[in-house]
Amino acid sequence: MTELETLYQSEDEYGPLLVLEDKHMRVLSFGDNDEQSKLLKLQPFLPQHTYVQAMLLVLLFIKPKRVVILGLGGGGLIHALRHYDAGIKITAVELRAQVIEIAKRFFQLPIGKKLTLIHQDAAEFLEQAEHKKADVIFADIYGADGVDENQLSDAFIKNAAMMIKADGFLVLNCWKEHSQNRELLSLLQTYFVEVRACLTGGGNWVVFASKTKRDITSSGMKAKAHSLSLQLDFTLSRSLTRFDHWV
């Protein structure tokens with residue numbers, strides 16, 4: 001990241017906030033050698049991180065009308081979902097007020113009636129349970145040191161499950177080492193019927209927990225992925241080869 005120039009620098013109670021850029025890219029960073037979000041300036045809807053691409057595999061199973069995103073970052077998921085379907089109602093919950101302002105100012109966040117931004121701790125947001133039930137909840141809560149452990153807690157997963165519709169999904173962005181976390185898998189199986197996961201080339205373990213069982217063949221999945229790739233404007237095949245049931 002040394003070739004990137006610093007466009008903006010600030011700090012809050014949780015640590016530094018930096019916006020870095022070159023001619024083509026803009027990056028949100030929370031510290032040295034940290035990339036929270038990466039945006040292609042001319043095509044912000046194209047996810048630059050493999051974990052964001054992987055999280056969108058949930059669209060193989062459901063066409064959501066309402067989603068909740070826990071952890072805003074630079075809004076990469078919002079851009080991709082908007083490009084896929086401009087009609088989706090999106091609620092994004094972010095702990096750091098400055099992150100919300102940075103996303104608006106530097107990351108082309110598509111502000112409009114169908115996007116609600118909430119400045120709140122995600123665990124509190126789920127606990128209050130005042131939001132309408134969602135088709136998909138995406139949880140991507142990271143600091144400079146990695147995944148927020150709250151995201152893997154019983155209360156968090158239980159409360160998320162309660163906010164998800166009967167045929168909906170919870171999508172969790174975790175680290176590769178969480179693939180060995182049998183306690184996390186057991187916890188997810190307590191509240192969800194089926195759990196899949198995808199190991200990304202970037203070392204993330206993206207988990208898809210479903211309220212209902214989805215029967216789909218490998219060939220059916222490939223055909224859907226091809227169609228979805230055309231809608232999203234990037235290929236899902238790389239993520240799909242690493243995508244399977246977590247057992």
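Trainee: Is A129 buried, partly exposed or exposed in this model?

Mentor: With a relative accessible area of 51%, A129 is exposed, because the cut-off for that class is over 50%. Please keep in mind that the model is predicted. A129 is situated in the loop between α4 and β8.

Trainee: What is to be read from the phi of A129?

Mentor: The general idea is that most residues other than glycine have a negative phi. A129 is not a glycine, yet its phi is positive, at about 50°. Q108 is another case: it is not glycine either, and its phi is near 55°, again a positive value. The loop between α3 and β7 holds Q108, which counts as partly exposed at 40% relative accessibility.

Trainee: How should one read the pairing of β1, β2 and β3, and in which sense do these strands run?

Mentor: One looks at the direction of each pair, the number of bridges and the residues that link the strands. Strand β1 (residues 5-12) pairs with β2 in the antiparallel sense over 7 bridges, and the two form a hairpin with 2 residues between them. Within that pair, S10 has L17 of β2 as its bridge partner. β2 also pairs with β3 in the antiparallel sense, over 4 bridges; here the hairpin has 3 residues between its strands, and E21 stands opposite R26 in β3.

Trainee: Why is β2 described as largely enclosed?

Mentor: Strand β2 (residues 15-21) has 6 of its 7 residues buried, so the rest of the structure largely encloses it.

Trainee: Which strand runs parallel to β6, and how many bridges join the two?

Mentor: Strand β6 (residues 89-94) runs parallel to strand β7 (residues 115-119), and 5 bridges join them. E94 has H119 in β7 as its bridge partner. Between these strands the chain passes through helix α3 (residues 97-106), giving a right-handed β-α-β crossover.

Trainee: How does one read a nonpolar core, and which residues have the most contacts inside the largest one?

Mentor: In soluble globular proteins, nonpolar side chains tend to be buried together. The largest core here has 45 residues, and V58, I69, L81, F138 and F208 have the most contacts inside it. Helix α2 (residues 76-84) supplies the largest share of this core, 5 residues. Apart from this core lies another, of 31 residues, which includes F156, A160, L187 and V207.

Trainee: How many residues of α2 are buried, and what does L81 contact?

Mentor: α2 is mostly covered, with 7 of its 9 residues buried: L77, I78, H79, A80, L81, R82 and Y84. Leaving aside neighbours within four places in sequence, L81 is in contact with L56, L59, V67, I69, I88, I90 and F138.

Trainee: Which residues of α5 are buried, and what do they pack against?

Mentor: An α-helix has 3.6 residues a turn, so residues three or four places apart point the same way. In helix α5 (residues 154-162), the buried residues are F156, I157, N159, A160 and A161. The buried residues of α5 pack against β5 (66-70), α4 (122-128), β8, β11 (164-175) and α6 (182-191).

Trainee: Which residue is covered by the "active site" annotation, and where does it lie?

Mentor: An annotation should be kept apart from the geometry. The "active site" annotation comes from an unreviewed UniProt entry and covers D140. As for the model, D140 lies in the loop between β8 (134-139) and β9 (142-143), and it counts as buried because its relative accessibility is 15%, where the cut-off is under 20%. Not counting residues up to four places away in sequence, D140 touches Y51, M55, L70, G71, Q151 and N173.

Trainee: Where is Q36 found, and what joins its side chain to that of D34?

Mentor: Q36 is in the loop between β3 (25-29) and β4 (37-40), and D34 is likewise found in the loop between β3 and β4. A polar contact of 3.1 Å joins their side chains. Q36 counts as buried at 11% relative accessibility, and D34 is buried with a relative accessible area of 9%.

Trainee: Which residues beyond the sequence neighbours does Q36 touch?

Mentor: Setting aside residues up to four places away in sequence, Q36 touches L28, S29, F30, H49, Y51, Y142, G143 and A144. For D34 and A144, which are 110 residues apart along the chain, the C-alpha atoms are separated by 6.4 Å. Y51 is among the residues touched by Q36 and also among those touched by D140.

Methods
Residues numbered from 1 in each chain as written. Predicted model: local features only at pLDDT ≥ 70, side-chain atom pairs only at ≥ 80, totals over all residues. Heavy atoms only, no water. Pairing = 2+ DSSP bridges. Right-handed = clockwise from strand over helix to strand, strands pointing away. Buried < 20%, exposed > 50% of the residue type's maximum accessible area, 1.4 Å probe, protein only. Polar contact = N/O pair within 3.5 Å; in protein donor to acceptor, adjacent residues only side chain to side chain. Contact = heavy atoms within 4.5 Å. UniProt positions renumbered as here; feature names shortened; annotations may be inferred. Core = buried A, V, L, I, M, F, W, Y, C linked by side-chain atoms within 4.5 Å.
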